[in-house]
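Biologist: I should like to learn how empty space in a protein model is read. Please begin with the general idea and then turn to the case at hand.

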Amino acid sequence: MLDAQLVVPQLGVARFSDGSVHPIRGVAANLIVQARSIGNADSASFSDSIGLTSTNGFVRLVRPDGIVLGEYRSGEQQPILAIDSAAQSAAAWLPSKHVLVHWDGHQFVEVPIDDSSFVGRVSFVSLKADNTAQFFVVRDDSSVARFQVTLPSGRVTSADIEPSARGPVFVQQGWMLTQDAWGLIAERANGNRQTIQLSAKALPASDLTMERMSNHWLHVSSKSTGTDWALYLDAGKLYISFMPPAAIGAAR
């Protein structure tokens with residue numbers, strides 16, 4: 001007779017405020033931060049099968065267990081990382097160099113981008129299967145513009161204003177997320193709009209950091225309160241779960 005062993009599913013990988021990167025296991029509303037860190041990073045973005053990290057000016061393609069598959073010396077302190085599902089969706093925007101770096105299946109490739117029309121700060125970027133990239137740019141008045149850029153030419157082919165977005169945005173599973181005074185606003189292109197309250201007190205502007213944990217999970221952290229959450233998203237629904245800090249999770 002064989003002993004059955006319960007395997008707690010891995011939901012994703014998250015980077016905490018101390019820079020440590022940990023696998024996250026469990027189910028919604030009952031999350032466990034694995035004690036073992038798979039590395040340290042200044043920023044991170046993960047899908048179910050692959051991830052990107054940036055550490056001390058190096059962008060790395062990594063597996064969810066921390067094994068490094070590729071490395072690029074970016075020299076950028078705050079690159080914007082993007083990943084959708086497969087490794088070929090991995091990209092990093094280097095604002096100081098005006099360059100988009102993406103994984104071509106074998107190595108990181110540089111693409112200079114004509115960002116002269118952006119007139120603002122890129123808060124989110126994604127790489128599309130049709131050899132285009134989308135950039136979401138926050139203007140000085142906090143309005144948001146979405147630019148489509150063709151690759152490898154790096155030329156802008158379209159620009160549109162996102163009328164309901166204000167401030168930095170994050171996009172996952174068709175939801176566009178922005179911060180408001182009390183938490184998050186999530187909106188889909190069909191007009192479905194939901195608010196997620198995270199605090200009983202007003203949050204400072206740009207207080208929330210959003211980093212992708214996996215295909216359907218997003219890590220949300222508050223700089224002012226030190227609180228972490230995991231947000232589940234799919235086409236029809238979303239829900240938020242409290243995530244214990246890495247130190248608490250490590251003690252379990």
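Biologist: How much space lies in the largest pocket?

Modeller: Rolling a probe the size of a water molecule over the atoms shows where empty space is left. In this predicted model, the largest pocket holds about 990 Å³ of space. Its lining comprises 37 residues, of which I80, R121, S123, T209 and M210 are the closest to the centre.

Biologist: Which strands supply at least two residues each of that lining?

Modeller: They are β5 (43–46), β9 (80–82), β13 (121–127), β17 (169–172) and β21 (208–212). Of the elements, β21 gives the most to the pocket lining, namely 5 residues.

Biologist: How do the residues of the pocket lining divide by class?

Modeller: The pocket lining has 16 nonpolar, 11 polar and 10 charged residues.

Biologist: Let us turn to enclosed space. How many cavities of 30 Å³ or more does the count give?

Modeller: A cavity differs from a pocket in that the probe fits but cannot get out. The count here is 1 cavity of 30 Å³ or more, and about 40 Å³ of space lies in the largest cavity.

Biologist: Which residues line the largest cavity?

Modeller: The lining consists of S164, A165, M176, L177, T178, I185, E187 and R193. Two or more of these residues come from each of β16 (155–166), β18 (175–179) and β19 (183–187). The largest share, 3 residues, belongs to β18.

Biologist: What is the make-up of the cavity lining by class?

Modeller: By class, 4 residues of the cavity lining are nonpolar, 2 are polar and 2 are charged.

Conventions. Residues are numbered from 1 along each chain as its sequence is written. This is a predicted model: local features need pLDDT of at least 70, side-chain atom pairs count only at pLDDT 80 or more; totals for chains, interfaces and linings use all residues. Side-chain values use heavy atoms; hydrogens and water are left out. On a 1 Å grid over the protein atoms alone, a cavity is a set of points where a 1.4 Å probe fits but cannot get out, and a pocket is an open set with protein on both sides within 12 Å along at least five of seven lines; lining residues have an atom within 4 Å of a point. Grid points are joined across faces, edges and corners, and a volume is the space filled by probe spheres set on the points. Helices (H or I, at least four residues) and strands (E, at least two) are DSSP runs, numbered from the N terminus. Ala, Val, Leu, Ile, Met, Phe, Trp, Tyr, Cys and Pro count as nonpolar, Asp, Glu, Lys and Arg as charged, and the others, Gly among them, as polar.
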